Amino acid sequence: MRDFAPAAGRAALAVLHLALASGPAAAGSAIAGEPGNGGFPLAPTGGVADVFVGADDWKVAHIAASNLVQDIERVTGRRPALRHDTASLASNAVLIGTLGRSRAIDDLVASGRLDVTGIAGQWESCVMAAVPHPLPGVAQGLVIAGSDRRGTAYGVFELSRRIGVSPWSWWADVPPARRTALHVPPERVRIGPPAVKYRGIFINDEMWGIRPWAAETFAPDEGQGLGPKTYARIFELLLRLRANHLWPAMHRGTIPFNGYPGNRVVADDHAIVMGSSHIEPLLRNNIAGAEWDREGGGEWNYETNAEAIRAYWARRLETNGKFENVYTLGMRGKDDEPMKGGATVREKIALMERIFADQRALLARHVNPDPAKVPQVFIPYTEVLGLYDAGMKVPDDAILCWPDDNFGYIRRLPTAAEQARSGGSGVYYHLQWLNGATTAYTWLNTTPPSLIWEEMNKAWEYGARTLWVLNVGDIKPGEIGMEFFLDMAWNPRRWRHDNIRDFLVEWAARDLDAGAAPEIAAILDEHFRLGYTRRPEHLVQYRAEQPLRYSWFSHDLHNDEAQQRLDRYADLARRAQAVHDQLPRERKDAFFQLVLYPVQCAALMNEKVICADRNARCAAQGRAGAAGYAARARAAEARIVELTTHYNTGLHTVSNRWKRMMSPAPGPWGAQARQFEMPPLSDFAGDGDAALEVRAEGGRGDVVADLSVYTQGRRFIDLFNRGQGPIEWVARASAPWVKIDPAEGRFEGEQRLWVGIDWTAAPKGNLEALIEIQGTGGKRQLIVPVFNPEAPARDAVSGFVESHGCVSMEAEHFSRRTGRDGAAWEAVRGLGRSGDAVTVLPPTGDSRGEPADILAHSPSLEYDVHLFNGGSCELRIDALPTQPVAPGRGVRLAVGLDGGPPQVLGDLPRPAGDVLANLRRYSTRLAIDKPGPHTLRVWMVDPGVVLDKIVLFTGAPDDSYLGPPESYRARRDPK
């Protein structure tokens with residue numbers, strides 16, 4: 001295994017001056033000397049302030065205060081005294097309290113010494129201010145006053161964050177930098193209220209991660225579930241991330257949340273609002289083997305067994321109704337299946353509406369006589385959305401929580417009428433997903449923050465602002481996506497389409513290393529892009545009774561698309577290792593968990609599967625090198641296991657902390673899922689005597705893929721051995737301006753040579769050169785087509801230039817754009833399979849279907865192209881597989897060539913998409929009247945369409961995964 005050797009430790013910075021500006025990633029800045037007049041000495045050199053919270057304040061205020069004491073000690077080495085009596089305070093004290101609950105805070109407000117303007121009566125807000133002589137005997141105070149109990153806790157944990165304690169200090173072993181002194185400036189700072197009322201996570205599919213970790217490592221006394229000890233850590237994390245809501249772990253084999261009576265108490269102590277998933281009405285876990293099977297009676301069918309089911313629900317409300325909850329309404333089958341009962345859609349709707357009425361009657365009886373005052377949510381997941389769209393009536397005061405499609409694309413958003421409902425709307429979003437087939441993704445987090453931004457910004461713009469829940473699986477390794485999602489829920493305006501990468505930079509600077517933060521962010525940005533192109537979990541696919549499918553990327557086209565992916569991943573893994581190796585020892589564990597493990601394992605999974613694909617290909621072609629690819633695939637698989645073992649048991653500072661948390665093949669169904677199965681391998685290493693064979697890029701026999709003066713690339717020729725033994729070879733070109741690298745050599749398995757052109761010496765015209773390769777056992781001659789026209793000159797052309805039978809354009813590289821009706825196309829940085837995707841912002845415009853309406857109101861893009869061929873050409877537009885924003889809408893766009901009218905693409909309600917490839921492809925044919933310059937226009941028809949890539953084929957379309965690389969274009973800034 002690679003040696004994760006420690007680097008030299010960092011010197012502690014002398015003084016931290018806390019800048020209490022709002023913003024989740026801010027961590028203060030180090031300065032020399034003492035702060036200006038009026039600053040609060042939280043931990044002056046050699047000393048430390050007391051921390052006070054009143055005895056009668058909320059339990060969560062005490063929990064936060066206790067954590068602050070520990071956090072200050074971790075940073076300074078000096079532990080503050082935690083006091084509950086004002087009479088014994090030191091001359092410097094942090095005063096923590098909740099308005100209406102803390103006499104000390106209320107007295108400061110009444111005397112006019114603490115201004116609570118902007119937080120009094122607000123949801124989850126707080127104020128921080130330095131107050132001189134706040135109490136007798138206290139010369140200087142730092143007051144943290146909350147509008148309610150969570151507001152107080154958020155204020156305290158904000159201070160912890162500002163002194164350098166990461167929200168992930170425990171969950172990802174992020175150590176704070178040591179400081180000798182801490183000073184807080186005197187400015188009053190207000191934090192909150194949050195933009196989204198309920199912000200939380202769903203712990204799900206926990207069978208191979210957080211549950212075995214809790215049961216066998218962290219809290220073995222709590223059995224096969226997550227008990228109060230485990231949930232206390234989870235709730236603390238939520239508070240540090242300014243979340244307030246949880247759907248607890250509920251999968252098969254997990255002891256239900258309420259199977260531990262202490263869990264609901266710990267939740268209330270931490271002021272966490274509990275909820276439950278779409279299959280758990282009224283806080284009841286009905287998965288097979290859980291509460292209904294243990295406590296219920298009869299069939300889980302409301303049509304035939306309503307009385308028993310109502311009594312079952314009532315018992316939960318009797319025990320939990322006194323706590324803060326959001327109650328899930330409706331009903332589905334026990335094991336995430338469709339609801340039983342009702343033979344027709346109308347009958348199912350009537351049954352569901354009856355269930356709503358009965359559930360609200362139970363809430364009125366056991367929680368509040370006025371059910372409109374009880375938070376409730378309806379989650380129209382899978383088939384239930386069809387019932388809702390067919391006319392099912394949901395109580396107006398219930399939250400409508402819109403789910404995504406399990407892959408990060410929200411299925412629909414509220415209409416104008418739904419936005420006017422008193423209950424508001426929310427979103428249930430997936431960072432991971434499990435099912436019984438190979439569409440699950442439960443291992444590495446490769447959902448880009450940019451996709452989360454695009455979808456959740458859209459949700460915010462459409463008024464889904466009451467509840468956001470993220471399915472995080474086991475929490476680890478989804479830390480980055482989880483924090484970004486919750487960060488957006490707190491303040492969705494902080495991140496924009498053009499600054500999402502700043503989140504990664506600020507996150508890396510806070511938790512890993514400020515100096516390396518730009519490189520870490522760049523590594524993660526590339527990691528997310530490659531994973532978005534195809535997730536590691538989706539490299540091996542199968543259908544029942546069919547062979548495994550694992551060949552996605554072309555080996556013949558575009559300089560070997562598959563090898564380019566491996567090269568990018570290898571470079572990424574190398575860069576991540578280089579950052580790891582230069583970090584001080586105390587930062588290595590956090591970096592390994594948050595960056596190195598996911599990046600290197602994603603690279604290794606691609607190495608495993610693509611090498612297995614190449615092994616099968618080589619064996620079929622009789623290449624002696626096949627066995628080498630089999631060895632590489634096996635080595636990659638073994639290395640994944642090795643890295644996972646290190647994650648679980650080998651970290652430097654917390655050895656065995658995460659034992660059983662990470663798995664190299666997560667999934668309870670093992671061979672059924674088969675996502676992590678090794679594809680079949682051949683150990684063919686040649687047969688008979690050494691014999692030379694060649695295969696050229698393009699896969700067209702003795703013709704090499706063409707070279708163009710505009711793209712000025714290169715092409716490969718593979719030399720391989722069909723037998724055993726060494727092959728000596730030499731290659732010669734028919735023209736001196738054809739360059740071969742290398743031009744001779746010796747190999748036993750295979751060797752790749754590259755062909756390029758010296759364009760300064762090549763003659764003009766459509767040319768052909770010959771390459772002759774002679775070696776042991778044979779001679780081969782190949783044709784190299786070369787395109788070097790007289791005009792236009794490369795530096796004189798406008799826009800994109802046709803080469804290799806197409807014009808390929810990344811969507812963000814438009815020549816011009818025109819905004820209309822207050823909206824315009826914008827590039828979303830970091831989103832897309834090969835470049836940055838573009839979408840219309842804001843995404844709330846009207847759909848436009850008629851040509852005149854499109855021309856008058858739709859934002860448009862223009863792409864200038866230069867073509868050498870005319871006639872009928874195929875246009876392909878690759879987009880993200882987003883969903884229509886509302887019923888009756890689509891995901892349509894329109895195209896036109898030169899001055900032609902808009903041609904609408906995309907049938908209603910939506911054309912098919914491939915969520916595993918993150919691709920929806922629009923296709924049409926355009927008539928090119930003549931060669932020369934042309935302009936392609938693209939208009940928005942429906943909002944929410946996200947364009948990724950545009951290819952106009954003048955020749956035969958190719959079948960590569962990503963399509964042709966971008967064509968040469970004049971480098972002019974788009975308008």
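**Close-up views of a predicted model**

**View 1. Strands β22, β26 and β27 and their antiparallel pairing.** Strand β22 (residues 727-733) and strand β26 (residues 765-775) run antiparallel and are joined by five bridges. This view, like those that follow, is drawn from a predicted model. Within the pairing of β22 with β26, Ala-731 has Ile-773 of β26 standing opposite. On β26 there is also a pairing with strand β27 (residues 778-788), again antiparallel, in which 11 bridges join the two, and here Leu-770 has Ile-783 of β27 as its bridge partner. The strands β26 and β27 form a hairpin that leaves two residues between them, and Gly-777 in the turn takes a positive phi of about 90°.

**View 2. An open sheet of four strands.** The strands of this sheet follow the order β19-β21-β25-β23, and their pairing is antiparallel. Because β19 (692-696) and β23 (738-741) stand at the edges and have a single partner strand each, one side of each is left without a neighbour in the sheet. On average, and with direction ignored, neighbouring strands of the sheet are turned by 25° against each other. The edge strand β19 is joined by five bridges to strand β21 (residues 715-721), the two running antiparallel, and in this pairing Glu-693 stands opposite Phe-720 of β21.

**View 3. Helix α1 and the residue that follows.** The 18 residues of helix α1 (residues 59-76) should span 26 Å at 1.5 Å a residue, and the end C-alpha atoms of the helix are 26 Å apart, so the expected span and the modelled one agree. Helix α1 is mostly covered, with 13 of its 18 residues buried. Just after the helix comes Gly-77, which takes a positive phi of about 80°.

**View 4. Helix α6 and its packing partners.** In helix α6 (residues 261-269) the buried residues are Asn-263, Arg-264, Val-266, Ala-267 and Asp-269. The elements against which these buried residues pack are α1, α5, β13 (273-274) and α8 (302-320). After α6 comes Ala-271, with a positive phi near 60°.

**View 5. The largest nonpolar core, with Met-482 and its contacts.** The largest nonpolar core holds 217 residues, of which Trp-171, Ile-475 and Met-482 touch the most other members. Helix α17 (residues 585-620) provides the largest share of this core, namely 18 residues. When residues up to four places away in sequence are not counted, Met-482 touches Trp-168, Ile-201, Leu-237, Leu-238, Leu-241, Leu-431, Leu-470, Val-472 and Ile-475. A second core, separate from this one, has 34 residues, including Leu-707, Ile-740, Phe-747 and Leu-753. In soluble globular proteins, nonpolar side chains tend to be buried together.

**View 6. A salt bridge within helix α5.** The side chains of Glu-236 and Arg-240 meet in a salt bridge, with 2.9 Å from N to O. These two residues are four apart in helix α5 (residues 228-240), so about one helical turn separates Glu-236 from Arg-240. Both Glu-236 and Arg-240 are buried.

**View 7. The salt bridge between Arg-623 and Glu-750.** A salt bridge brings together the side chains of Arg-623 and Glu-750, with 3.6 Å from N to O. Because Arg-623 lies in the loop between α17 and α18 (626-650) whereas Glu-750 belongs to strand β25 (residues 750-757), the pair ties together parts that are 127 residues apart in sequence. Arg-623 is buried, its relative accessible area being 3%, while Glu-750, at 30% relative accessibility, counts as partly exposed.

**View 8. The salt bridge between Asp-942 and Arg-892.** In the salt bridge that Asp-942 forms with Arg-892, the closest N and O atoms are 2.7 Å apart. This pair links distant parts of the chain, 50 residues apart, with Asp-942 in the loop between β38 (932-940) and β39 (946-953) and Arg-892 in the loop between β34 (871-879) and β35 (893-897). Asp-942 is buried, with a relative accessible area of 1%, and Arg-892, at 14% relative accessibility, also counts as buried because the limit for that class is under 20%.

**View 9. A network of salt bridges.** Glu-124, Arg-149, Arg-150, Arg-199, Asp-268 and Glu-324 are linked in a network of salt bridges. Over the whole structure, a search finds 71 salt bridges.

Technical notes:
Residues numbered from 1 in each chain as written. Predicted model: local features only at pLDDT ≥ 70, side-chain atom pairs only at ≥ 80, totals over all residues. Heavy atoms only, no water. Pairing = 2+ DSSP bridges. Axes fitted to C-alpha atoms, helices over the stretch in contact; angles between N-to-C directions. Expected span 1.5 Å × (residues − 1). Buried < 20%, exposed > 50% of the residue type's maximum accessible area, 1.4 Å probe, protein only. Core = buried A, V, L, I, M, F, W, Y, C linked by side-chain atoms within 4.5 Å. Contact = heavy atoms within 4.5 Å. Salt bridge = Lys/Arg side-chain N within 4 Å of Asp/Glu carboxyl O.
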